[in-house]
Amino acid sequence: MSANSRLTIAAHALTWISLYQRQGHQVATSEQIATSANTNPVVIRRLLGELRKAGLVESRRGVGAGWSLTRELESMTLLDVYEAVEPGSLFAMHRATPDQGCVIGYGIQPAMQRVYEDIEETLRRELARVTLEDVLRDVLAAPR
């Protein structure tokens, strides 16, 4: 099982767009962002589409096409980004109902659900504490 990188790549895209705009550019292309993230522009376009639905970015078509932020990084948290690109719960139960005649099969889902709810609550609280401005500041301060 591999880790999901959607939140990381979405945060990468948003902070890249912000820095690019701070350098005087109006819009960024998915190709430019993809080069920085070392991924396919299609991956970036899909994530940016989800971020657009959440109201975090907007796109411009035609001459001068590209993506721009709808608000400043100080007002975007990692929770905003997470909710835009990670629909649903972090954890899932069995695809089929376990054997209800078995003591473990009967009790595993309620036991695990309580644990998962606590973890997700903690995750959301921590993601809400970090703005994308915080992320960009830490990126720019990282030693090269």
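**Figure 1. How spread out is the chain, going by its radius of gyration?** In this predicted model, the protein chain comes out with a radius of gyration of 19 Å, whereas a compact globule of 144 residues would sit near 15 Å. The C-alpha trace tells a matching story, spanning about 65 × 30 × 30 Å along its principal axes. Buried residues account for 32% of the 144 residues. Take the contacts with a separation of 6 or more, and 64% of them turn out to link residues 24 or more positions apart.

**Figure 2. The run of elements along the chain is α-α-α-β-β-α-α-α.** That order is read from the N terminus on, and the tally is six helices and two strands. The two strands, β1 and β2, get their own close-up next.

**Figure 3. Here β1 and β2 pair up as an antiparallel hairpin.** Four bridges hold the pairing together on paper, joining β1 to β2. One pair to pick out is R60 with its bridge partner G66, which belongs to β2. Five residues lie between the strands of this hairpin. Look for G62 in the hairpin: this glycine takes a positive phi, near 80°.

**Figure 4. This view shows the largest pocket, with about 220 Å³ of space.** Which helices each supply at least two residues of its lining? They are α1 (6-22) and α5 (103-129). The lining takes in N4, R6 and L7, then Y82, then the run E86, P87, G88, S89 and L90, and finally L123 and L127. Sorted by class, that makes six nonpolar residues, three polar and two charged.

**Figure 5. The second largest pocket holds about 180 Å³ of space.** Its lining is made up of T29, S30, E31, R45, R52, S59, R60, R61, A65, G66 and W67. Two or more of these residues come from each of α2 (30-37), α3 (41-53), β1 (57-60) and β2 (66-69). By class, the lining has five charged residues, four polar and two nonpolar. If R60 and G66 look familiar in this list, that is the bridge pair from the hairpin view again.

**Figure 6. A last view sets the two pocket linings side by side.** For the largest pocket, the lining counts six nonpolar and two charged residues. For the second largest pocket, the counts are two nonpolar and five charged. Arginines to find here include R6 in the lining of the largest pocket, and R45, R52, R60 and R61 in that of the second largest.

Key:
Residues numbered from 1 in each chain as written. Predicted model: local features only at pLDDT ≥ 70, side-chain atom pairs only at ≥ 80, totals over all residues. Heavy atoms only, no water. 1 Å grid on protein atoms, 1.4 Å probe; cavity = no way out; pocket = protein on both sides within 12 Å on 5 of 7 lines; lining within 4 Å. Points joined across faces, edges and corners; volume = space filled by probe spheres on them. Nonpolar A, V, L, I, M, F, W, Y, C, P; charged D, E, K, R; others polar. Pairing = 2+ DSSP bridges. Rg over C-alpha atoms; globule rule 2.2 N^0.38 Å. Buried < 20%, exposed > 50% of the residue type's maximum accessible area, 1.4 Å probe, protein only. Contact = heavy atoms within 4.5 Å.
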